[in-house]
Amino acid sequence: MTILVSLYWVSLACIFYAYLGYPIALYLLVKIFPANKKTKPRSTPYEPSLSVILPAYNEGKILDKKITNTIQLDYPKEKIEIIIVSDGSTDNTREIAEKYRGQIQFYELPERSGKAAALNLGIQNAQNEIIVFSDASIMLAPDAIKNIAEKFNDPAIGCVSGEDHIEGRSSEGLYGRFELYLRNLESNLHSIVGASGSFYAQRKELCFNFMEGLAPDFLSVLNTVEKGYRAVTEPQAQGTMKSLKSVYDEKGRKVRTLIRGITTLEHKKHLMNPFRFGMFSFELISHKLMRWMGPFFLISLFLVNIFLLEHPFYLSTFFLQVLYYSLALATLKGLFNLQNNALGQISLFFVMVNYAILVAWYKYASGVRQEIWIPTKR
């Protein structure tokens, strides 16, 4: 019985830490050890030369709008180049790109090779000192590039993440805001552990060849910190994306993303050594590893709780767990209009995200690797 009770409380503590304890710890640490010191404003803006790389696979429906959005960004035209790389697209991507001949550079992989290959081709042809990575699905604010570039005035900063905001009210948007909050805290403490995959920038000298099967945005941050630079956020560098059509779309996207993330973390596992990487190791373990272990803590808590039902306290906590999962199921089935209620949305998204993590671990343990890039349709 003592072992079961101990396991119950350890499981509960790990769940609490992953979702609430870590944000609280970050908040307190930022107050004590802020990494970002206030600096005097510059009399003139810092405007380094930029190369914007946009990988595309069958993005014909939104590519026209995306290219126009990028061309119209508020940045000196002589200091920015736009590179579109088609990953063996079979739609009208080439025809759309041809309309902007002279304003963009267009490269094409002869056959489907994956996002890493597309990004690598873009980097090989980029001429400027800062590389901006942007997906077709995100529309950037006019001053987004200007704000993200300004951060590189600090020579200690090697990677800067923008902010991707989801249009409208959705569980994906709520989760996204939570992640942005964590990123900003991490940025103020030391370094973020992952950039926005749809919009971030990096010094070209730190852009090493991406490997297919690894998450490019996650790998960029890890490479940056490994080389002794900081990776930070810029809240004023914003873009917007449409929300996913259903929670099932989000589940599929999360599984693919998580397999890449787990593979990347395993590839760079030495960064979790606190004796070598100090505060960053704390952030990496807390934000990534503990969160990705969440489903196992939840399952442990539920199963152990079954064996403790004779005690009124544990009976009540078991009832609360059943109630919470029932709420998520009812929301999934569209009962009581819960899909339009914040509590229903949050419960369903939390359960589906942890289910996606569990599926990703199973596939990863089975040897599955996400080798081919599948852009999320929004």
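This report covers a bent helix, a nonpolar surface patch and an exposed loop residue in a predicted model.

## Basis

Local features in this predicted model need pLDDT of at least 70, side-chain atom pairs count only at pLDDT 80 or more, and totals for chains, interfaces and linings use all residues. Numbering runs from 1 along each chain as its sequence is written, and side-chain values use heavy atoms, with hydrogens and water left out.

## Helix α9

Helix α9 spans residues 274-292 (helices are DSSP runs of H or I, at least four residues, numbered from the N terminus). Its 19 residues place the end C-alpha atoms only 19 Å apart, against 27 Å for a straight helix (1.5 Å times one less than the number of residues). A bend of about 75° falls at Phe-280 (the angle between axes fitted to the seven residues ending there and the seven starting there).

Phe-280 is also among the buried residues of α9, which include Phe-277, Leu-284 and Trp-292 (buried is under 20% relative accessible area, exposed over 50%, partly exposed in between; 1.4 Å probe, protein chains only). At the start of α9, a side-chain oxygen of Asn-273 comes within 2.9 Å of the backbone nitrogen of Phe-275.

## Helix α1

Helix α1 covers residues 2-32 and supplies five residues of a nonpolar patch, the largest share. Leu-28 lies in this helix and is partly exposed, at 47% relative accessibility.

## Phe-307

Phe-307 sits in the loop between α10 (294-306) and α11 (312-332). Its relative accessible area of 54% makes Phe-307 exposed. Leu-4 is 303 residues from Phe-307 in sequence, yet their C-alpha atoms are 7.8 Å apart.

Terms used:
Helices (H or I, at least four residues) and strands (E, at least two) are DSSP runs, numbered from the N terminus. A polar contact is a pair of N or O atoms within 3.5 Å; within protein, one must be able to donate a hydrogen and the other to accept it, and residues adjacent in sequence count only if both atoms are side-chain atoms.
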